[in-house]
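Hello,

Here is the structure we talked about. Please open it next to this message and follow along.

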Amino acid sequence: MVYDNKLQELALKLFSIDAVKFGEFMTKSGIKTPVYFDLRVIVSYPAVMDLISTLLYEFAVKDSKCDHLCGVPYTALPVATLLSVQAKKPMLMRRKEAKSYGTKKMIEGHYKVGQKCLIIEDVITSGSSVMETVKDLRNEGLVSDEAIVILDREQGGKENLESNNVQVKSLFTMSGLIEILLANGKINQEMATKVHDYLKGTKAPSTVQPVNRMALTYEDRSELATSPIAKQLFTIMASKKTNLCLSVDLTSTTKILDLLEKVGEHICLVKTHVDIIEDFSEDFISSLKQLAARLNFLILEDRKFADIGNTVLQQYLKGVYKIGEWADCVTVHSLPGEGILKALNGSTNGVSRGVFLLAEMSCEGNLITPEYSVATVKMAEKYPDLITGFVCQKKDTFSNPGLIQLTPGVQLENSKDDLGQIYNTPEKVVVENGGDVMVVGRGIVAAKSPEIQAVIYKDALWKCYLKRVSGKME
Ligand code: 5BU
């Protein structure tokens with residue numbers, strides 16, 4: 001009750017300081033609106049600031065499990081500051097533009113990857129401003145799935161944000177606020193009806209880019225891909241209805257080609273370790289390329305490059321294997337830093353080639369830390385044509401829906417091998433962990449009938465993908 005009284009008090013104060021105005025106004029998008037909010041004025045009224053922060057504290061911050069608070073610039077910044085002090089929770093600040101000197105950080109303050117940050121905003125219409133802040137926080141490896149706002153204009157912002165995994169709580173909805181003002185004689189019934197009708201008829205355009213790749217189809221994601229190889233791979237997956245990558249870890253060229261002849265129609269990608277083949281020849285490569293063209297799959301050489309740029313460039317283009325001449329894409333470690341991407345970028349004379357960067361590994365005890373994964377994803381940003389996706393194990397490792405999550409360590413049952421490899425089931429990898437293309441090696445190659453087994457994997461993995469994009473998860 002006390003809370004309701006305070007909420008009413010705040011509504012009336014906002015009205016009296018002209019933070020809520022009625023009449024005829026033009027919005028940014030050129031639509032006429034009978035009601036206008038301008039919460040920028042609240043900084044001139046310490047009592048209003050006090051009331052807002054007390055209410056938000058009681059309403060959502062007090063019991064929140066967040067590690068940080070972050071205000072959406074600029075109006076919500078002072079409110080976030082007051083809340084941070086009151087809740088004794090550290091604040092983070094998001095820059096509007098990256099600094100042009102020194103560190104290029106978008107988020108200021110001290111934090112650790114995996115910590116949770118609660119977002120504070122004044123008003124949401126489409127939700128796009130909150131989403132920009134969410135994106136920058138997630139880019140830093142912070143968990144950002146909750147926003148509290150003073151006022152929800154009820155024009156689609158809450159739904160837009162929820163479809164991107166951000167839950168929204170608001171002190172006021174527009175209709176709730178109007179009700180208070182009507183009950184207190186601040187506006188008449190005619191105006192209340194006008195606002196009500198306006199709300200019913202005017203939804204904000206969904207300006208929020210759908211970043212929840214888990215819910216998007218491969219067709220839709222091919223449109224969002226900036227790397228030609230990612231685009232091609234998404235298209236192949238959608239048309240052949242398969243997200244299976246076969247890891248042909250065999251040492252004889254005949255065995256590899258025989259197997260691919262049988263299972264090529266069921267896969268979107270073949271993954272090779274060319275340096276384990278004992279009878280490698282140029283003929284093998286031309287047969288492999290012919291098979292790939294005929295049965296419509298791409299070739300990934302899992303070379304895991306990890307040297308300085310200059311050496312990698314030679315390993316890529318020269319030597320016995322001349323990988324750059326035939327592999328549509330390769331795997332690359334981010335360990336040596338950006339030089340490795342600089343070297344590979346544009347090294348194939350206009351022929352499109354792709355890179356899967358290793359952000360995580362499937363084997364137990366590997367030394368990759370969460371910070372390393374975040375830095376890997378960031379390193380990729382400058383190479384939108386080259387980076388096809390990431391080799392990784394978790395859905396939150398990256399969010400860009402135009403990139404592909406390649407996940408190894410897949411078998412029909414959860415298990416391990418004797419050398420540290422960890423296997424997860426198709427359901428776990430696709431539905432829970434966000435795998436887009438799943439790598440299966442021994443699950444198929446070592447089976448009695450690899451041909452039958454490939455179809456079993458293909459069907460199981462595709463079923464899980466359909467379940468994921470339908471949103472019908474148990
Ligand atoms: P398996 O037989 O399904 O365990 O084969 C998995 C393949 O994926 C194998 O060629 C590995 O080299 C490759 N792999 C992996 O298993 N785990 C990783 O984290 C990376 C690659 Br990166």
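Start with the barrel. This is a predicted model, and in it eight strands close into a barrel with parallel pairing. The strand order is β9-β10-β11-β12-β13-β14-β15-β18. Neighbouring strands of this sheet are turned by 30° against each other on average, with direction ignored. As background, strands of a sheet pair through backbone hydrogen bonds, either parallel or antiparallel.

Now look at β9 and β18. Strand β9 covers residues 244-247 and pairs with β18 in the parallel sense, over three bridges. Which residue of β18 is the bridge partner of leucine 244? The partner is methionine 438. Helix α17, residues 450-470, lies across β9 and β18. The helix runs at about 145° to β9.

Next, the ligand. There are 17 residues around the ligand. Asp249, Ser362, Gln421, Tyr423 and Arg442 come nearest. Three side chains are worth displaying with distances to the ligand:

- Aspartate 249: a side-chain N or O atom is 2.7 Å from an oxygen atom of the ligand.
- Glutamine 421: the distance from a ligand oxygen to a side-chain N or O atom is 2.8 Å.
- Serine 247: a side-chain N or O atom lies 3.1 Å from an oxygen of the ligand.

How much of the ligand does the protein bury? Taken alone, the ligand exposes 500 Å², and the protein buries 90% of that. Two elements give two or more residues to the shell around the ligand: β11 (298-305) and β18 (437-440). Both strands also belong to the barrel. By class, the shell has seven nonpolar, five polar and five charged residues.

Last, two backbone details. Most residues other than glycine have a negative phi, and most peptide bonds are trans. Two spots in this model depart from that pattern, one for each part of it.

The peptide bond joining proline 73 and tyrosine 74 is cis, with omega at about -5°. Tyrosine 74 sits in the loop between β3 (68-71) and α3 (76-87).

The other spot is glutamate 154. Its phi is positive, about 55°, although this residue is not a glycine. Where is glutamate 154 found? Glutamate 154 is in the loop between β7 (146-152) and α5 (157-162).

Best wishes

Note on methods: Residues numbered from 1 in each chain as written. Predicted model: local features only at pLDDT ≥ 70, side-chain atom pairs only at ≥ 80, totals over all residues. Heavy atoms only, no water. Near = heavy atom within 4 Å. Polar contact = N/O pair within 3.5 Å; in protein donor to acceptor, adjacent residues only side chain to side chain. Areas by Shrake-Rupley, 256 points an atom, 1.4 Å probe, with all protein chains shown as cover. Helix = DSSP H or I, 4+ residues; strand = E, 2+ residues; numbered from the N terminus. Nonpolar A, V, L, I, M, F, W, Y, C, P; charged D, E, K, R; others polar. Pairing = 2+ DSSP bridges. Axes fitted to C-alpha atoms, helices over the stretch in contact; angles between N-to-C directions. Contact = heavy atoms within 4.5 Å.
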